[in-house]
Amino acid sequence: MNVWLILIGMALVTFVSRALPLVTMSGTPAPQLERVLRYVPPAIFAALIVPALIVPNGALEVGLTLWAGIIGGLVALWTRSMALTILAGLLAFAALRWLGLA
């Protein structure tokens, strides 16, 4: 019973925190807010990806994942294509592993 109360409470908090801005804001956001919100997706993406590249096993490591990430990052800067970036990172990871650099 206690677990269900916790789950329901977490669901309510999540729902309210996401629905509140939709209910309270009317019209379009201010230009300053739009300018700031433009940087949120890259910041979240970096926060999710960079630790996995630099600290894959819990300790600072310059290894296969970092090099594949660097190659993927360079492709991203060059092409601005998410599909090509993912493909380049995966191919770089596979090639480096195949060469025995893992």
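Trainee: Which residues form a nonpolar patch on the surface?

Mentor: A good place to start! Keep in mind that this is a predicted model. A nonpolar patch is built from nonpolar side chains that lie within 5 Å and have over 30% relative accessible area. Here the patch consists of M25, L33, L37, V40, I44, F45, L48 and I49. Together these residues have about 730 Å² of accessible area.

Trainee: Which helix gives the most to the nonpolar patch?

Mentor: That is α3, with five residues. Helix α2, spanning 31–37, also takes part, since α2 and α3 each supply at least two residues.

Trainee: Let me look at single residues, then. Is F45 buried or exposed, and why?

Mentor: The cut-off to remember is that exposed means over 50% relative accessible area. F45, which lies in helix α3, counts as exposed because its relative accessibility is 54%.

Trainee: And how does I49 count?

Mentor: Partly exposed is the class between the 20% and 50% cut-offs. I49 is also in helix α3, and its relative accessibility is 34%, so it counts as partly exposed.

Trainee: Now for the pockets. What volume does the largest pocket have?

Mentor: The largest pocket has a volume of about 720 Å³. Its lining is made up of 22 residues. Two residues you have just met, F45 and I49, are among those nearest the pocket centre, along with G72, G73 and T85.

Trainee: Which elements give two or more residues to that lining?

Mentor: They are α3 (40–54), α4 (64–79) and α5 (82–98). Helix α4 provides the largest share, eight residues.

Trainee: How many nonpolar, polar and charged residues does the lining have?

Mentor: When you read such a count, note that glycine is placed with the polar residues. In this pocket, 14 lining residues are nonpolar, seven are polar and one is charged.

Trainee: How far apart are I49 and L77, in sequence and in space?

Mentor: Sequence separation and spatial distance are worth reading side by side. I49 and L77 are 28 residues apart along the chain, and their C-alpha atoms are 16 Å apart in space.

Trainee: One last feature: what is the phi of R80?

Mentor: Phi of R80 is near 60 degrees, a positive value in a residue that is not glycine. To find it on the model, look at the loop between α4 and α5, where R80 lies. R80 is exposed as well, because its relative accessible area is 69%.

Technical notes. Residues are numbered from 1 along each chain as its sequence is written. This is a predicted model: local features need pLDDT of at least 70, side-chain atom pairs count only at pLDDT 80 or more; totals for chains, interfaces and linings use all residues. Side-chain values use heavy atoms; hydrogens and water are left out. On a 1 Å grid over the protein atoms alone, a cavity is a set of points where a 1.4 Å probe fits but cannot get out, and a pocket is an open set with protein on both sides within 12 Å along at least five of seven lines; lining residues have an atom within 4 Å of a point. Grid points are joined across faces, edges and corners, and a volume is the space filled by probe spheres set on the points. Helices (H or I, at least four residues) and strands (E, at least two) are DSSP runs, numbered from the N terminus. Patches are made of residues with over 30% relative accessible area and no salt bridge: like charges are joined within 9 Å, nonpolar side chains (Val, Leu, Ile, Met, Phe, Trp, Tyr) within 5 Å. Accessible areas come from the Shrake-Rupley method with a 1.4 Å probe; for residues, only the protein chains shown count as cover. A salt bridge is a side-chain nitrogen of Lys or Arg within 4 Å of a carboxyl oxygen of Asp or Glu. Buried means under 20% relative accessible area, exposed over 50%, partly exposed in between (1.4 Å probe, protein chains only).
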